Each structure stands twice: as structure tokens, then as C-alpha cells.
Amino acid sequence: MLKAADQFLSKKLAERKAAGTYRALKPESGLVDFCSNDYLGFARSAELKSRIDAEISSLPKALNGSTGSRLLSGNLNYTENLELQIANFHNSEAGLIFNSGYDANVGLFASLPQRGDTIICDELIHASIIDGARLSYANRYTFKHNDLDSLEAKLKQSAGICYVIIESVYSMDGDMPTIIDILNLTEKYSANLIVDEAHAVGLYKKGLICDLGLEDRIFARIVTFGKALGCHGAIVLGSNLLREYLVNFARSFIYTTAASIHQIASVKMAYEMLQDTDDVIRLLHNNIAQFKQNIKQSEAYPLLESKSAIQCIVFNNNESAKQAALTLQNAGLDVRAILNPTVQQGTERLRICLHSYNTTDELNLLTTTINNLIHA
């Protein structure tokens, strides 16, 4: 007889399966990659692997693990020097490395806003930001995606110190906000703008904020290492004062074992490679343009507006999206369906990630298969 806790687990999983929203881990596919966030191919780069191996070999006294949190035994001069190098690269005063993008967002948004303050997020913001905001005692609002009128309405309701949070490239739609307009609006109401740059670095070498020259007007930025940089971890960029605050109050930084030297060295080598990627970034943009040019628009299955490496075709329900993904996978293409509840009901989709290393033949196979599917 199942215990009460097991009965609860079984019931919730059965509900997911009945609704068609059950998730399961999948093995490596061996298919042509159109689903990973490895936009510049760093994760599969033999050159990056060689650089990492050489860097680790140059540190003979390095330990296998970090041995503790950074406030105990796990802090290294190597890590602090890298934080400063990354901050300088992104034209920021300081930065603090976290073990993952999730840790960075939870740590920042759980500790920064206080009771009586206000957090205002775009409705399509990363789940990790939502989770962090929920852990704070601040007032929380969302505004309609990229809607300035909706944002202003929420700004008029704000109290205390107000933080507005957006992404520079949205992870599920691939679109970008009108950052300058949003920034002007937040400044009008003396609010602080925080930008998650997870999917922008690589599309733009230093991220969209640097590309627009807005670094000095942004309160904080989150840059992750697990996407275009092909590694793992994240950094919160901001002032020295913000860094010092997070060291003292961000629980996901304080109460976790620090990243190992291998993880930190990998990030350092990835940033060295990023310095010389203009041609690779150009290839990525060319592949995005080729994909958009070759897709034949369909009213029934629209391609969402996006200039980024993330391209989405909406199928309106879970089953149709899953069947479309299966058709592409059977053609040798690793494209995944994004289902409700990850996205709102009625917006289920194929999420296609383009990369600098996708060949013309691979792109042609992708777009031909999609066109045959949506115009059948």
C-alpha cells in the first residue's frame, strides 16, 4: 500500500500524463543539433577543450574540488581575478560569479528587494527570476510582454525601491524588447532596470546592453556561461557595492560549495576565445537570415518575429507540437516541442535554435521539412 506521500506523487504524475504535459529525460539523440543553446559551438569546440586542458595543466597545485563555500575555504584569487576580467569585458564595475544562472537569479532577486519594495517583471521572464522574486518580501507585478503601457501602469503602482526586470533576448520567443524605451520609462519613475543577458551574449559579443552602449544606465545584468560560452555558471554584473551586498546577503552564493577550478578555468578560456569570434558570430547571423528567408509563412502555424538564434513556430496545442517535433526528428533533425505549462496554453511551439556551425545543407533540410509540414 502506497504511503500518503507516494500517493500524492503518483497522482500528480498521472495528471501530467493525462494532460499530455508529462516530462521525461531523453538520451543524446545523435541528430543534427537545432535545439541546444550552444550558439557559437563552444560546448563542442576542440580548441576550447585544448585551451582548458592547457590551463589546468598550468595550475599544478589546483585541487579537484573547491572544498567549501567561497566564504570558507572555496575562494580563490583566480576566481576573483576572473570576475574582474569578465566585468571589464562587459564594461561593468564589478561582478560576482554564481554556480549557475538559476543560482544567480534566485540569489539576486531573493536578497535585493525588501519588504515594501516593488519588483516588476515582463510576463515572459525566466522562471529562475520568478522563483527568486517569490522568495523576497517585495510587492510583485508582471506587465504584458514588451508592452510599455502595461509597464507604465505597474510603475504607477510601485512603492519603495522599484526594480524592473527584462531579458535582452527572450528564451521562449526569441524576441527582444525596446530596451531604450523601457529604460527611459523606468528612469522617469526612478526605477532600477535589471537585464538578463543569458541569450544575448554570443548573438552580440558582449551582450545587447554593451552593443547599445547602455551599460552605465543599467542597475545590474546577469550573464550566463552555459549558452554561447559553452561552459557552466553565471555572473551578476553591477557596482562594487552590489557585489559586496550579494556576498553578504545572496543565500544561493553563501550557502553552496564554490565552483571547482576546472569550471572557473573553462569560463576563463571561453572568454579568451570570445575575444576572437567576429567571424563565428557573423556565421550565426548569416544562418539566422538564411532560415528566415527560406521559411514560408503560414497563417495556421506562424513563425514568431525574432532576430535572434531562437526561432519559434506556434502549433497551438501540445499534441500538434509534439507530432511536429517527431516529424523533424524522424528526418534527422533535433528540434524539440515546448509545451504547456512551460508556455501558455495555445502557444505551444517548436523552438528552433540556430548555431554558427549549422551547415547550409542542414538548414535547407530543416526549412524544407518545416515548409512541407506546415503547408501540407
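User: Which residue forms a salt bridge with Asp334?

Analyst: Side chains of opposite charge can pair when their charged atoms come close. In this predicted model, Asp334 pairs with Arg336, and their closest N and O atoms are 2.6 Å apart.

User: Is Asp334 buried or exposed, and what about Arg336?

Analyst: Buried means under 20% relative accessible area. Asp334 has 7%, so Asp334 counts as buried. Arg336 is partly exposed, at 27%.

User: How many salt bridges does the structure hold?

Analyst: The structure holds 18 salt bridges. One of them joins Glu272 to Arg51, with 3.8 Å between the closest N and O atoms. Glu272 belongs to helix H11 (residues 261-274) and Arg51 to helix H2 (residues 46-57), so this pair ties together parts that are 221 residues apart in sequence. Both ends are partly exposed: the relative accessible area is 36% for Glu272 and 27% for Arg51.

User: Where do Arg134 and Asp131 lie?

Analyst: Both are in helix H5 (residues 127-135), three residues apart, which means a separation of about one helical turn. Their side chains meet in a salt bridge at 3.7 Å, N to O. Arg134 is exposed, with a relative accessible area of 55%, whereas Asp131 is partly exposed at 24%.

User: Which residues are linked in a network of salt bridges?

Analyst: A network of salt bridges links Arg70, Glu80, Glu83 and Arg243.

User: How many positive and negative side chains does the chain have?

Analyst: There are 35 positive and 41 negative side chains. The centre of the positive set and that of the negative set lie 6 Å apart.

User: How should I read the radius of gyration of the chain?

Analyst: Set the value beside the one expected for a compact globule with the given number of residues. For 376 residues that expectation is near 21 Å, and the chain has 21 Å, so the two agree. Along the principal axes, the C-alpha atoms fill a box of roughly 60 × 60 × 55 Å.

User: What do the contacts say about sequence separation?

Analyst: Take the contacts in the chain with a separation of 6 or more: residues 24 or more positions apart account for 72% of them. The chain has 14 helices and 12 strands.

User: What share of the residues count as buried, and what supplies the exposed area?

Analyst: Of the 376 residues, 50% count as buried. The chain exposes about 18000 Å², and carbon and sulfur atoms supply 51% of that area.

Conventions
Residues numbered from 1 in each chain as written. Predicted model: local features only at pLDDT ≥ 70, side-chain atom pairs only at ≥ 80, totals over all residues. Heavy atoms only, no water. Helix = DSSP H or I, 4+ residues; strand = E, 2+ residues; numbered from the N terminus. Rg over C-alpha atoms; globule rule 2.2 N^0.38 Å. Buried < 20%, exposed > 50% of the residue type's maximum accessible area, 1.4 Å probe, protein only. Contact = heavy atoms within 4.5 Å. Areas by Shrake-Rupley, 256 points an atom, 1.4 Å probe, with all protein chains shown as cover. Lys, Arg positive; Asp, Glu negative; His and termini not counted. Charge placed at Lys NZ, Arg CZ, Asp CG, Glu CD. Salt bridge = Lys/Arg side-chain N within 4 Å of Asp/Glu carboxyl O.
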